[in-house]
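Subject: Structure for your files, with notes

Hello,

Here is the structure we talked about handing over. My notes follow below it.

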Amino acid sequence: MRLVLLLLVIPALAIAQPPERPPGPPPLERLESLKLTDAQKTKVAALHAAERRKAIRLEADARLAEMDLEDAIDAGTDVAPLVARVADLRGQLLAARTATRVAVRALLTPEQRTRLKSLPPPGPPR
């Protein structure tokens, strides 16, 4: 009985854990070598803040949808709509991150974009 309970609780705990922070510096620190102007720094910070707010909401919704999916699997009900929901939310997260990256690059001068290409890639998403 304990083993069954443990097998049910461990996956739930894994899903409930907050995402780890990516390795490496925060986005603005990563861009320090580009010598951004104060106006660029302000705009980049605003873009990242807006994306972070959106990502927090989407991540929470995705995690709730994943919990619903687990419940549906356990109940033996149709999981297809829930799989689609999780996939849609994860896709929205990717789209938000990508839109922010594109918007940041649009703020850069051609020289800064060239320097950006020489930087190591950012860590995994938050």
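Which side chain meets R90 in a salt bridge with an N to O distance of 2.7 Å? The partner is E59. Before going further, please keep in mind that this is a predicted model.

The R90 pairs

R90 lies in helix 4, which covers residues 80–107, while E59 belongs to helix 3, so their salt bridge ties together parts that are 31 residues apart in sequence. The two partners differ in cover: R90 is partly exposed, at a relative accessible area of 29%, whereas E59 is buried, at 16%. The cut-off for buried is under 20% relative accessible area, so the 16% of E59 puts this residue in that class.

R90 also has a salt bridge with E66, where N and O are 2.9 Å apart. E66 sits in helix 3 and R90 in helix 4, so this pair too links parts of the chain, here 24 residues apart in sequence.

Which residues does R90 touch, leaving aside those up to four places away in sequence? They are E59, A62, R63 and E66. As for backbone spacing, the C-alpha atoms of R90 and D61 are 9.6 Å apart, with their positions 29 residues apart in sequence. The C-alpha atoms of A60 and L89 are likewise separated by 9.6 Å, and this pair is also 29 residues apart along the chain. A60 is a helix 3 residue and is partly exposed, with a relative accessible area of 39%.

The remaining salt bridge and the count

How many salt bridges does the structure hold? The number is 3. Besides the R90 pairs described above, there is one between the side chains of E111 and R115, at 2.4 Å from N to O. These residues are 4 apart in helix 5 (residues 110–118), which means that about one helical turn separates them. E111 counts as exposed, with 52% relative accessibility, and R115 as partly exposed, with 25%. Elsewhere, E59, E66 and R90 are joined into one network by salt bridges that share partners.

In general terms, side chains of opposite charge can pair when their charged atoms come close.

A buried charge without a salt bridge

E51 is placed in helix 3. Is E51 buried or exposed? E51 is buried, yet has no salt bridge. The nearest side chain of opposite charge belongs to R97, 5.5 Å away. A salt bridge needs the nitrogen and the carboxyl oxygen within 4 Å. Not counting residues up to four places away in sequence, E51 touches A96, R97 and T100.

A negative patch on the surface

Which residues gather in a patch of negative charge on the surface? They are D68, E70, D71 and D74. Of D74 it can be added that its place is in helix 3, which takes in residues 38–75, and that D74 counts as exposed, at 59% relative accessibility.

A backbone angle to look at

K35 has a phi near 55°, a positive value in a residue other than glycine. Where is K35 found? K35 is in the loop between helix 2 (27–30) and helix 3. With 64% relative accessibility, K35 counts as exposed.

The chain as a whole

The protein chain comes to 5 helices and 0 strands, and its pattern along the sequence reads α-α-α-α-α. The chain has 126 residues, and buried residues make up 21% of them. Its accessible surface is about 9,000 Å², with 64% of that belonging to carbon and sulfur atoms. What share of the contacts between residues at least 6 apart in sequence joins residues at least 24 apart? That share is 77%. The salt bridge of R90 with E59, between helix 4 and helix 3, ties together parts 31 residues apart in sequence.

If you open the model, the places to start are R90 with its partners E59 and E66, then E51 in helix 3, and then K35 in the loop between helix 2 and helix 3.

Regards

Key
Residues numbered from 1 in each chain as written. Predicted model: local features only at pLDDT ≥ 70, side-chain atom pairs only at ≥ 80, totals over all residues. Heavy atoms only, no water. Patch = residues over 30% accessible without salt bridge, like charges linked within 9 Å, V, L, I, M, F, W, Y side chains within 5 Å. Areas by Shrake-Rupley, 256 points an atom, 1.4 Å probe, with all protein chains shown as cover. Lys, Arg positive; Asp, Glu negative; His and termini not counted. Charge placed at Lys NZ, Arg CZ, Asp CG, Glu CD. Helix = DSSP H or I, 4+ residues; strand = E, 2+ residues; numbered from the N terminus. Buried < 20%, exposed > 50% of the residue type's maximum accessible area, 1.4 Å probe, protein only. Contact = heavy atoms within 4.5 Å.
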